Amino acid sequence: MAYGLLNNKRGIIFGALDESSIAWKVAERCFEEGAKFTLTNAPIAMRMGAINRLAEKCQTEVIGADATSTDDLEKLIDQSTEVLNGKLDFILHSIGMSPNVRKSRPYTELSYEFFLKTLDISAISFHKVLQIAYKKDAITEWGSVVGLTYIAAQRTFPSYSDMAEAKATLESIARSFGYHYGKHKKVRVNTISQSPTWTTAGSGVKGFDTFFKYADVLSPLGNASAESCANYCVFLFSDLSRMITMQNLYHDGGFSSVGVSEEIMKMLGMQENE
Ligand SMILES: NC(=O)c1ccc[n+]([C@@H]2O[C@H](COP(=O)([O-])OP(=O)(O)OC[C@H]3O[C@@H](n4cnc5c(N)ncnc54)[C@H](O)[C@@H]3O)[C@@H](O)[C@H]2O)c1
């Protein structure tokens, strides 16, 4: 077998909807690095069918699961360890959805029914996956669980709406569960805070085009692509990152550390003050 960073590693990848999905790129890279994994998505998303193409390419199967349903998640984890013939070494949680954003509800007029759905789908599902894996002892020692997040958890992006609260919760779950799972079985839990990326979920946010460009111009390296996010996931799933846990890791070309860039200054016409 050719050398791969993820040889002999088994995993579950949530959230590949179509070719633009970050999870899709992660699956392709994990496969190239020698990993075996199952793919999963909500039954409604699977009906679109694209995920079957990915499964064929990665020589695997798709197991449907609504990430808010503990029954579905239990079955998913049982079936995955059976199909893969062993415990899991990695899990990618790449799930986000806000009915308030979908229905363009202003932040000051949120539906609380929708808000609870946003939290359940986008954040509490992460706890559910971890709790079920913990209970079933489904992850190997030094295994790695990664969730995808966005900097709106720390700073305000008005149109990100209640997804900001979901991401803050997601990141907090990574720290809290990371403590318990680390002590218990040396399992690592981290979140990757990714640049704006052109995907179905990303482009559903109002004004996405503008804040994609803004982040690109502000970041010294420009926005991080889905492909480079996939590389970062491979690193976090690999044995090279064994001592990294309970972290929110910015993968954003430097965006999170910049106050202003010269390009933005120029755009705002401030250069005459130089
Ligand atoms: N695109 C961006 O700009 C960006 C930036 C930072 C973080 N992220 C995060 O990356 C992750 C992946 O999003 P993406 O941008 O690849 O978009 P995407 O639309 O391709 O992926 C979102 C996925 O969530 C799945 N999902 C929704 N409800 C579900 C449920 N109940 N059960 C199971 N799965 C469900 C969808 O089917 C879809 O596959 C999300 O957590 C998102 O918030 C995205």
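**View 1. Strands β1 and β2 run side by side in this predicted model.** Start with one pair of residues: Arg 10 has Lys 36 of β2 as its bridge partner. The two strands, β1 and β2, pair in the parallel sense, and five bridges link them. Now follow β2 itself, which spans residues 36-40 and is mostly covered, with five of its five residues buried. Look at how the side chains alternate: Lys 36, Thr 38 and Thr 40 point one way from β2, while Phe 37 and Leu 39 point the other way. Both groups are buried.

**View 2. Strand β5 is mostly covered.** How many of the residues of β5 are buried? The count is seven of seven. On one side of β5 you will find Arg 188, Asn 190, Ile 192 and Gln 194, and pointing the other way are Val 189, Thr 191 and Ser 193. Every one of these residues is buried. A neighbouring strand to look for is β4, which pairs with β5 in the parallel sense over six bridges. To find one of these links, look for Thr 149, whose bridge partner in β5 is Ser 193.

**View 3. The ligand sits within a shell of 26 residues.** Those that come nearest are Ser 21, Gly 96, Thr 199, Ala 201 and Gly 202. Which helix or strand gives the most to this shell? That is α8, with three residues. At least two shell residues are supplied by each of α1 (22-32), β4 (139-149) and α8 (200-203). Sorted by class, the shell has 13 nonpolar, twelve polar and one charged residues.

**View 4. Helix α1 is mostly covered.** Of its eleven residues, eight are buried. They are Ile 22, Ala 23, Trp 24, Lys 25, Val 26, Ala 27, Arg 29 and Cys 30. Notice that Lys 25 and Arg 29 are on this list of buried residues too. Just past the end of α1 comes Gly 34, where phi is positive at about 95 degrees.

**View 5. Helix α10 keeps its buried residues on the same side.** First, check the length of the helix, which covers residues 226-237. At 1.5 Å a residue, its twelve residues should span 16 Å, and the end C-alpha atoms are indeed 16 Å apart, so the two values agree. Next, pick out the buried residues of α10: Ala 226, Cys 229, Ala 230, Cys 233, Val 234, Leu 236 and Phe 237. Because they cover an arc of only 165 degrees around the axis, they lie on the same side of α10. What covers them? The elements include β1 (10-14), α1, β3, β4, β5 (188-194) and β6 (248-251).

**View 6. Asn 85 and Trp 142 both have a positive phi.** Most residues other than glycine have a negative phi, so these two deserve a second look. Asn 85 has a phi of about 65 degrees and lies in the loop between α4 (70-83) and β3 (88-93). Is Asn 85 buried or exposed? It counts as exposed, because it has 8 C-beta neighbours inside 10 Å. Trp 142 has a phi near 70 degrees, but this residue belongs to strand β4. Trp 142 counts as partly exposed, because there are 15 C-beta neighbours inside 10 Å.

**View 7. Helix α7 holds both Tyr 181 and Lys 183.** Tyr 181 is buried, because 22 other C-beta atoms lie within 10 Å. Leaving aside neighbours within four places in sequence, Tyr 181 is in contact with Leu 130, Tyr 134, Val 187 and Val 189. Take Tyr 134 as an example: it is 47 residues apart from Tyr 181 in sequence, but their C-alpha atoms are 7.3 Å apart in space. Lys 183 counts as exposed, because it has 9 C-beta neighbours inside 10 Å. Between Lys 183 and Ala 27, the C-alpha atoms are separated by 29 Å, and the two residues are 156 residues apart along the chain.

**View 8. Ser 69 is found in the loop between α3 (50-57) and α4.** Ser 69 counts as partly exposed, because it has 16 C-beta neighbours inside 10 Å. For a sense of distance, try Asp 137: 68 residues separate it from Ser 69 along the chain, and 19 Å lie between their C-alpha atoms.

Methods: Residues are numbered from 1 along each chain as its sequence is written. This is a predicted model: local features need pLDDT of at least 70, side-chain atom pairs count only at pLDDT 80 or more; totals for chains, interfaces and linings use all residues. A residue is near a molecule or strand if its C-beta atom, placed from the backbone, lies within 6 Å of it. Helices (H or I, at least four residues) and strands (E, at least two) are DSSP runs, numbered from the N terminus. Ala, Val, Leu, Ile, Met, Phe, Trp, Tyr, Cys and Pro count as nonpolar, Asp, Glu, Lys and Arg as charged, and the others, Gly among them, as polar. A residue is buried if 20 or more other C-beta atoms lie within 10 Å of its own, exposed if 12 or fewer, and partly exposed in between; C-beta atoms are placed from the backbone. The expected span of a helix is 1.5 Å times one less than its number of residues. The arc is that of the directions from the helix axis to the C-beta atoms. Two residues are in contact if their C-beta atoms, placed from the backbone, lie within 7 Å. Two strands pair if DSSP finds at least two bridges between them.
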